[in-house]
Amino acid sequence: MSYTATIETSASPHQAARQIPADLEQWWSTRVDHHSDGFTIRFNNSHATFAFDAGGTKTHFFWTCTDAHMIIEGVPDPTEWRGTRLVWLITPAPGGSTVRLTHKGLTPALPCFDICQRGWQHFFETSLRDHLNGAPAAPETSAGVA
């Protein structure tokens with residue numbers, strides 16, 4: 001089963017859908033290279049490149065990891081994220097919206113699962129939630145070289 005989590009936010013579905021990709025530097029990592037069809041995100045000495053997939057809707061969209069070099073102690077393959085997909089589903093909720101993230105392909109079978117799950121617990125379940133609710137977020141700020 002792939003990593004999946006849900007957060008509640010006071011942001012409207014439209015606001016959440018706009019802020020998730022537009023504000024990556026404010027909730028995920030301060031080191032993001034934006035491209036017309038995606039982005040490369042850097043944290044510590046690692047990086048991952050995501051393409052914005054065609055299709056979907058404004059509140060149900062997909063990003064595929066097209067390149068990854070994740071330096072994680074004890075994980076022999078730094079490309080484990082390559083080919084995985086982030087599936088975002090934003091639905092209306094009383095007072096705002098519900099945001100569900102599934103990292104399709106990030107399963108317990110991958111050696112990085114425990115560390116990556118903890119990373120999503122921080123960046124998605126806490127930092128993005130705080131950002132969407134107008135509170136200070138906690139993006140990755142390391143100045144490591146990828």
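**Note on the predicted chain**

1. Strand β1 (residues 3-9) has two faces. Tyr-3, Ala-5, Ile-7 and Thr-9 make up the covered face. Thr-4, Thr-6 and Glu-8 make up the uncovered one. Strands here are DSSP runs of E, at least two residues long, and helices are runs of H or I, at least four residues long; both are numbered from the N terminus.

2. On sources: this is a predicted model, in which local features need pLDDT of at least 70 and side-chain atom pairs count only at pLDDT 80 or more, while totals for chains, interfaces and linings use all residues. Residues are numbered from 1 along each chain as its sequence is written, and side-chain values use heavy atoms, with hydrogens and water left out.

3. β1 is joined to strand β7 (residues 96-104) by seven bridges. The two run antiparallel. Thr-4 of β1 has Thr-102 of β7 as its bridge partner. Strands count as paired if DSSP finds at least two bridges between them.

4. Thr-102 deserves a look. This residue of β7 is buried, with a relative accessible area of 16%. Buried means under 20%, exposed over 50%, and partly exposed in between, using a 1.4 Å probe and protein chains only. Leaving aside neighbours within four places in sequence, Thr-102 is in contact with Ser-2, Tyr-3 and Thr-4, and also with Arg-85, Leu-86 and Val-87. Contact means heavy atoms within 4.5 Å.

5. A second antiparallel pair is formed by β2 (residues 31-35) and β3 (residues 38-43), with five bridges. These strands make a hairpin with two residues between them. His-34 stands opposite Phe-39 in β3.

6. Now the whole chain. Three helices and seven strands make up its secondary structure. The order from the N terminus is β-α-α-β-β-β-β-β-β-α. The radius of gyration is 14 Å, close to the 15 Å from the globule rule for 146 residues, so the chain is as compact as a globular protein of that length. That radius is taken over C-alpha atoms, and the rule is 2.2 Å times the number of residues to the power 0.38. The C-alpha trace spans about 45 × 30 × 30 Å along its principal axes.

7. Of the 146 residues, 47% count as buried. Among contacts with a separation of 6 or more, 56% link residues 24 or more positions apart.

8. Charge: the chain carries 10 positive and 14 negative side chains. The centres of the two sets lie 5 Å apart. Lys and Arg count as positive, Asp and Glu as negative; His and the chain ends are not counted. Each charge is placed at NZ of Lys, CZ of Arg, CG of Asp or CD of Glu.
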